[in-house]
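Biologist: Got a minute to walk me through this one? I'd like to start with the charged pairs and then look inside.

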Amino acid sequence: MAQPQMRRATESGVPDNQQFLHPLLKKNYGNWKYHDRPRPGVLHHVSHSGDEVWSVRAGTQRQMDVWTIRKLCDIADQYAEGHVRFTIRSNIEFMVSSAAKVAPLIAELEKSGFPVGGTGNSVSMIAHTQGWLHCDIPGTDASGVVKALMDELYDEFRREDMPNRVHLSTSCCEINCGGQADIAIIVQHTKPPKINHDLVANVCERPAVVARCPVAAIRPALVNGKPSLEVDEKKCICCGACYPPCPPMQINDPEHSKLAIWVGGKNSNARAKPTFMKMVAAGLPNNPPRWPEVSEAVKRILYAYKADARPWERLSDWIDRIGWPRFFERTELPFTKYLIDDWRGARANLNASTHIRF
Ligand code: SF4
Ligand code: SF4
């Protein structure tokens, strides 16, 4: 008679990565002597055991179809050694154990449309969120912004001639994954949500929606005899947090949902402490499929930084040195009232607005 089996956990976080490592990486785990970069897009690691590994980094379109994945796997089998990994900014890396394999691998990647770069002082691939693909609250498509912008910054990805590395990110709602970055593009709602009162009672758990609002702007209300909600528009900060638990509180709007640009975010504590981003461009049109206004503003910031920053200054270091007034002069971005944090809770967060300088 078959013995009862222990039920195995099916969802217990990411699998142990050791099983997927290139054999040389596994063998030399934690035993590296030094690394260098023979050229942009290639990392060379040397172990205390004498082993050497070259990692070739390539950019992809991030949201990949099955044919692209098969293509990358074929390249890994044919030109590398069958192992790949993805970086946190969604670049793919191929590992090889001999210098002779690097050039043919790069040639094949570039021939197939995958630029090699993203290391050192380059513009990295844009970290982005999933947008329309599998999230319930986006106000724009993030992947499209990434594609449009990286097409413009293609050569900056392949070169390493920025003052320091430049991390970019996009976010398709105002409140969740849009990470810290040197330059971040974040959706910006400018009008409070519009409520479809006929649907609220059927679709939304009202206490959950009321609790969700960070400024207590939502109240339960009876509308046409039906339980619904109302928004105190004077309090609402247009964050969009009420829309996910209550889709009838629609805040996305083709005209009033805009894009904003934030700069100076840094997560690491290398050389200087981590910094928060500050908004430097507001109300840019959400203009697919190429988002030209956003590209223009990002390039102004990027090239002003490239021209003016000292070696190894991150974007936040550069702004700290020259000050915000000069930042706006050099980038020729207009400083408008929309960049001033006038929220009633601003006493606690005035440091987050560019008009205050400490
Ligand atoms: S940024 Fe917001 S909308 Fe975009 S994937 Fe993250 S949670 Fe969803
Ligand atoms: S958009 Fe944000 S601030 Fe406005 S009502 Fe919804 S949750 Fe509250």
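Modeller: Sure. This is a predicted model, and K306 forms a salt bridge with D161, with the closest N and O atoms 3.5 Å apart.

Biologist: How many residues apart are K306 and D161?

Modeller: K306 sits in helix 8, while D161 is in the loop between helix 5 (154-158) and strand 6 (168-171). So the pair links distant parts of the chain, 145 residues apart.

Biologist: Is K306 buried, partly exposed or exposed?

Modeller: Buried means under 20% relative accessible area and exposed means over 50%. K306 comes out at 25%, so K306 counts as partly exposed.

Biologist: Which residues are joined with K306 into one network of salt bridges?

Modeller: D161 also has a salt bridge with R159, again with the closest N and O atoms 3.5 Å apart. Salt bridges that share partners join K306 into one network with E156, R159 and D161.

Biologist: Now the inside. Which element gives the most residues to the largest nonpolar core?

Modeller: That core has 42 residues, and I261, V263 and F327 touch the most other members. Elements giving two or more residues include strand 12 (257-263), helix 8 (292-308) and helix 10 (324-331). The top contributor, with seven residues, is helix 8.

Biologist: And the second largest pocket: which kind of residue, nonpolar, polar or charged, has the highest count in its lining?

Modeller: The second largest pocket holds about 430 Å³ of space. Its lining has 27 residues, with R89, R165, H167, N267 and R314 nearest the centre. Seven of the lining residues are nonpolar, seven are charged and 13 are polar.

How values were computed: Residues are numbered from 1 along each chain as its sequence is written. Chains are lettered from A and ligands numbered from 1 in the order in which they are written. This is a predicted model: local features need pLDDT of at least 70, side-chain atom pairs count only at pLDDT 80 or more; totals for chains, interfaces and linings use all residues. Side-chain values use heavy atoms; hydrogens and water are left out. A nonpolar core is a set of buried Ala, Val, Leu, Ile, Met, Phe, Trp, Tyr and Cys residues joined through side-chain atoms within 4.5 Å. Buried means under 20% relative accessible area, exposed over 50%, partly exposed in between (1.4 Å probe, protein chains only). Helices (H or I, at least four residues) and strands (E, at least two) are DSSP runs, numbered from the N terminus. On a 1 Å grid over the protein atoms alone, a cavity is a set of points where a 1.4 Å probe fits but cannot get out, and a pocket is an open set with protein on both sides within 12 Å along at least five of seven lines; lining residues have an atom within 4 Å of a point. Grid points are joined across faces, edges and corners, and a volume is the space filled by probe spheres set on the points. Ala, Val, Leu, Ile, Met, Phe, Trp, Tyr, Cys and Pro count as nonpolar, Asp, Glu, Lys and Arg as charged, and the others, Gly among them, as polar. A salt bridge is a side-chain nitrogen of Lys or Arg within 4 Å of a carboxyl oxygen of Asp or Glu.
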